[in-house]
Amino acid sequence: MLNLLKQNKRLNETIFLMGVSFCCLAFSLFRCFYTGSIMFFFLNWNLFLAFVPWFLTSLAIIKPQYFQHKGTIILLLFSWLLFFPNAPYILTDIFHLRRVFSMPVWFDTILIISFAWVGLVFGFLSLWDIETLLSRFMNKCWVHAIAVFLLLLAAFGIYLGRYLRFNSWDILTDPFNLLGDIGDRLINPYKHPRSWGMTLFMGVFLNMVYWSLVLMRKRGYDHNGS
């Protein structure tokens, strides 16, 4: 009965997320037809990548029998972490606003923010799932501390994607260059102020948004008397 209830909640969540994702698709299609340009249509691919971490953790919540052991949890965490930065990454696509003038800037702003928000929702919901899974094995304070750290890692992943142009799958296709660039920034941090500046401030921003949503979520539970 409990598993069925979880699946029903996940079904409602899925319907909502697919609905807002199709709204984003509709925005991008309207732009394509209106301007005759596919500029910004790539946002749909970015949103699909943001969907992947949510899909992985949803599978773990709906089918918990496959994730009873620490080994499978670690494999899930590793796979999830590779794709998790894609969820907030869409925020940085707002950089493209300064280059494109084929549509009113207000429309392109709404377009990018819509994709970015849905991407964040996918990411944050998946992080809530990760906290739920970790809560089986450790104290809640440690789980929250890990969530803060994971958001900082996501910020570093955003930097790797935006400025160094690495993708999630480069850990398999180009591991030496990826690990070399990461290692250089760890060994010589003072040589890479932009790397750590963006990581710090983006990480703080992501934590601000995430924990604000956690607070609102808890407030909703309190009002319902639970």
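At what angle do helix H6 (residues 140–162) and helix H8 (residues 175–187) pack, and how far apart are their axes? In this predicted model, local features need pLDDT of at least 70 and side-chain atom pairs count only at pLDDT 80 or more, while totals for chains, interfaces and linings use all residues. Residues are numbered from 1 along each chain as its sequence is written, and side-chain values use heavy atoms, with hydrogens and water left out.

H6 and H8 pack at an angle of about 120 degrees, and their axes are 12 Å apart. H6 is thereby oblique to H8; angles under 35 degrees count as roughly parallel, over 145 as roughly antiparallel, 65 to 115 as roughly perpendicular and the rest as oblique. Axes are lines fitted to C-alpha atoms, for helices over the stretch in contact, and angles run from 0 to 180 degrees between N-to-C directions. The helices themselves are DSSP runs (H or I, at least four residues), numbered from the N terminus. The crossing of H6 and H8 is right-handed, a crossing being right-handed if the near helix is turned clockwise from the far one by less than a right angle, and left-handed if anticlockwise. On the H6 side, Phe156, Tyr159 and Leu160 meet Leu178, Ile182 and Arg185 of H8, where contact means heavy atoms within 4.5 Å. Classified by residue type, this contact of H6 with H8 has five nonpolar, no polar and one charged residues (Ala, Val, Leu, Ile, Met, Phe, Trp, Tyr, Cys and Pro count as nonpolar, Asp, Glu, Lys and Arg as charged, and the others, Gly among them, as polar).

A second helix pair is formed by H2 (residues 43–62) and H3 (residues 70–83), which pack at an angle of about 160 degrees with axes 8 Å apart. H2 and H3 are therefore roughly antiparallel to each other, and their crossing is left-handed. H2 contributes Leu49, Val52, Pro53, Leu56, Thr57 and Ala60 to the contact, and H3 contributes Leu76, Ser79, Trp80 and Phe83. Eight nonpolar, two polar and no charged residues make up the contact of H2 with H3.

Side chains of opposite charge can pair when their charged atoms come close. Four salt bridges are found in a search of the whole structure, each defined as a side-chain nitrogen of Lys or Arg within 4 Å of a carboxyl oxygen of Asp or Glu. One of them joins Arg10 to Glu13, with the closest N and O atoms 3.7 Å apart. Both residues lie in helix H1 (residues 2–35), three residues apart, about one turn of the helix. Arg10 also forms a salt bridge with Asp129, the closest N and O atoms being 2.9 Å apart. This pair links distant parts of the chain, since Asp129 lies in helix H5 (residues 105–134) and Arg10 in H1, 119 residues apart. Arg10, Glu13 and Asp129 are thus linked in a network of salt bridges. Arg10 has 10% relative accessibility and so counts as buried (buried means under 20% relative accessible area, exposed over 50%, partly exposed in between, with a 1.4 Å probe and protein chains only); Asp129 is buried as well.

A further salt bridge is formed by the side chains of Arg162 and Asp93 (2.7 Å, N to O). Because Arg162 lies in H6 and Asp93 in the loop between helix H4 (86–89) and H5, the pair ties together parts that are 69 residues apart in sequence. Arg162 counts as buried at 11% relative accessibility, and Asp93 counts as buried at 1%.

Definitions and conventions
Helix = DSSP H or I, 4+ residues; strand = E, 2+ residues; numbered from the N terminus.
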